[in-house]
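Colleague: Please show me the model, and then we can go through one helix and what lies around it.

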Amino acid sequence: MARRCSLTGTGSQFGHKVSHSNRKTNTRFLPNLQHVSLVSEALGTSVSLRVTVATLRSIEHNGGLDAYLLKHHERKLTVEAARLKRQIKRKLAKTVKAAA
């Protein structure tokens, strides 16, 4: 399994560890990925995802998974997240039509 966020696509980065003597050695900086279950109010289900902690903070800041996905453009989301966003949009459109 790739070390990649399932919502934003954030992956590992490369760089140098620099010692006191200024010797540079190559290293990989891995993202802080966590397995979480997030509740989608529109779909009425919980979605199990592997996301970075930074993305998790952004989801909380925006007011939940639905609000986060609806706010962000599909080009900045992964294929899986874009599919989830379309499902949420369809479900919300159905509830608006049913209420009218």
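Colleague: Which residues of H3 are exposed on the other side from its buried ones?

Modeller: This is a predicted model, where local features need pLDDT of at least 70, side-chain atom pairs count only at pLDDT 80 or more, and totals for chains, interfaces and linings use all residues. Residues are numbered from 1 along each chain as its sequence is written, and side-chain values use heavy atoms, without hydrogens and water. Exposed means over 50% relative accessible area, buried under 20% and partly exposed in between (1.4 Å probe, protein chains only). On that side of H3, the exposed residues are Val79, Arg90, Lys94, Lys97 and Ala98.

Colleague: Where do the buried residues of H3 lie around the axis, and what do they pack against?

Modeller: The buried residues are Ala81, Ala82, Leu84, Lys85 and Ile88. They cover an arc of only 155 degrees (taken from the directions from the helix axis to the C-beta atoms), so they are on the same side of H3. Counting contact as heavy atoms within 4.5 Å, these residues of H3 pack against E3, E4 and H2.

Colleague: Which residues have the most contacts inside the largest nonpolar core?

Modeller: Such a core is a set of buried Ala, Val, Leu, Ile, Met, Phe, Trp, Tyr and Cys residues joined through side-chain atoms within 4.5 Å. The largest has 17 residues, and E3, E4, H2 and H3 each give two or more residues to this core. Helices (H or I, at least four residues) and strands (E, at least two) are DSSP runs, numbered from the N terminus. The residues with the most contacts inside the core are Leu7, Leu49, Leu65 and Leu69.
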